[in-house]
Amino acid sequence: MQYVSIGDLAQSFLMKHQSARLKSEMLGLSQTLASGRHEDMAKALRGEFAPLASIENGITALSGYRTATSEFATLLSTAQAALGTMQDMTAGLAPALISAGNSGHPALVATTATDARQKLDGIVSALNVRVADRSVFGGQATDRTPLLDGADLLNELGAVVAGATTADEILTRVADWFRTPGGGFETVAYKGSVTPFSPIPLSERDTGQLATTALDPGLRPALEAVALAALVDRLPQLADPSVAAAVMTRAGERMLESQSDLAILRSGIGSQEARTEAARVGNEAELAALKIARSDLYSADPYETATQLQLVQAQLESVYTMTARLARLSLSEYLK
């Protein structure tokens, strides 16, 4: 039988190597036991990183959807609030217009026209609202204010109705300006884009879009009616009380008729809000599940880790014992 001997220096290096390896392993196990997470994921996953990568990609995507749904929800709530302001103002103003027109009293008509002018400024301001420095009702032209301000809008209408002497003629010209495709409202008053916001991904399966702009036909009748009432005390031809009263009455009636259009627009935005909230809830549930799955992969079994730690500790103690015994070897000890 052949024996392989190891020199003293080699033996010393071998013991040092074993000791260093066990110390490193013991340190890693101690950190794992303290943190509850694997320090060496490659070893824990046996080199199979595909499941972990899939989970991490899912968490990254869902985090992006969380940001998108939050921003889109803010956009929708701002649009909803603006339309709510417009509807509240016009719903409250319409009866006053009809009452003033039916009375025919010049002072009441003038006072109501002043109120309409203030409401027009408020409505235009609401439709020109911005979120994160982006126009809400300007479509893809988010850098522009979508509508002329109230004063400029009335100046444009003043030029449109110049020369009209009857209430019917004034009403027709204003209606044509607001409603005709390619007319004054679309080419002069509206400064935004004809293309609405692009669809926004809310989840892996759903998208949302704010399709309403200040150019929307559902907004124009209410805006037209308010502007018509605000014109009453600005035009020389409306100095005739009967003409002014007729315009005021018809403006109130158009304003009442416009309420259903505004309600439909708000309902559409409300549906988008509901879809966005449903997507948000679904994303949050999926995100929570993925985080739990990731935590399970990273988490170390404390009992198993403690058992391994005790085993390594015992091995390290054995190395120390052997090292100490080898250190005492000598010829005299051998001869004894």
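**Exercise 1. Which exposed residues does the face of α4 turned away from its buried side carry?**

Before we start, a word on the model: it is predicted, so local features need pLDDT of at least 70 and side-chain atom pairs count only at pLDDT 80 or more, while totals for chains, interfaces and linings use all residues. Residues are numbered from 1 along each chain as its sequence is written, and side-chain values use heavy atoms, with hydrogens and water left out.

*Solution.*

Step 1: fix the terms. Buried means under 20% relative accessible area, exposed means over 50%, and partly exposed lies in between (1.4 Å probe, protein chains only). Helices are DSSP runs (H or I, at least four residues), numbered from the N terminus.

Step 2: list the buried residues of α4. They are Val109, Thr112, Ala113, Ala116, Leu120, Ile123, Val124, Ala126 and Leu127. Looking down the axis of α4, these buried residues fall within an arc of 140° (taken from the directions from the helix axis to the C-beta atoms), so they line one face of the helix. The general reason is that an α-helix has 3.6 residues a turn, so residues three or four places apart point the same way.

Step 3: turn to the other face. There you find the exposed residues Thr111 and Gln118.

**Exercise 2. Work out what span α4 should have, and compare this with the model.**

*Solution.*

Step 1: helix α4 covers residues 106–127, which is 22 residues.

Step 2: the expected span is 1.5 Å times one less than the number of residues, so α4 should span 32 Å.

Step 3: the end C-alpha atoms of α4 are 31 Å apart, which agrees.

**Exercise 3. Find the salt bridge of arginine 66, and say which helices it links.**

*Solution.*

Step 1: a salt bridge is a side-chain nitrogen of Lys or Arg within 4 Å of a carboxyl oxygen of Asp or Glu. The whole structure holds 13 of them.

Step 2: the partner of arginine 66 is glutamate 284, at 2.9 Å from N to O. This pair links distant parts of the chain, 218 residues apart: arginine 66 sits in helix α3 (residues 50–103) and glutamate 284 in helix α10 (residues 259–298).

Step 3: check the surroundings. Arginine 66 counts as partly exposed because its relative accessibility is 37%, and glutamate 284 is also partly exposed, at 26%.

Step 4: try another pair. Aspartate 133 and arginine 130 meet at 3.4 Å; aspartate 133 is exposed at 62%, whereas arginine 130 is partly exposed at 30%.

**Exercise 4. Describe the ring pair of tryptophan 177 and phenylalanine 178.**

*Solution.*

Step 1: rings of Phe, Tyr and Trp (its six-membered ring) pair if their centres lie within 6.5 Å; planes under 30 degrees apart count as stacked, over 60 as edge-to-face and the rest as tilted. The search finds three aromatic pairs.

Step 2: here the centres are 5.0 Å apart and the planes at 80°, so the pair is edge-to-face.

Step 3: both tryptophan 177 and phenylalanine 178 are buried. Ring pairs link Trp177, Phe178 and Phe185 into a cluster.

**Exercise 5. Is arginine 220 buried or exposed, and which backbone oxygens lie by its side chain?**

*Solution.*

Step 1: arginine 220, in helix α8 (residues 220–231), is buried, with a relative accessible area of 7%.

Step 2: its side chain has a polar atom 2.9 Å from the backbone oxygen of phenylalanine 178, and also reaches the backbone oxygen of leucine 215 at 3.0 Å.

Technical notes
Helices (H or I, at least four residues) and strands (E, at least two) are DSSP runs, numbered from the N terminus. A polar contact is a pair of N or O atoms within 3.5 Å; within protein, one must be able to donate a hydrogen and the other to accept it, and residues adjacent in sequence count only if both atoms are side-chain atoms.
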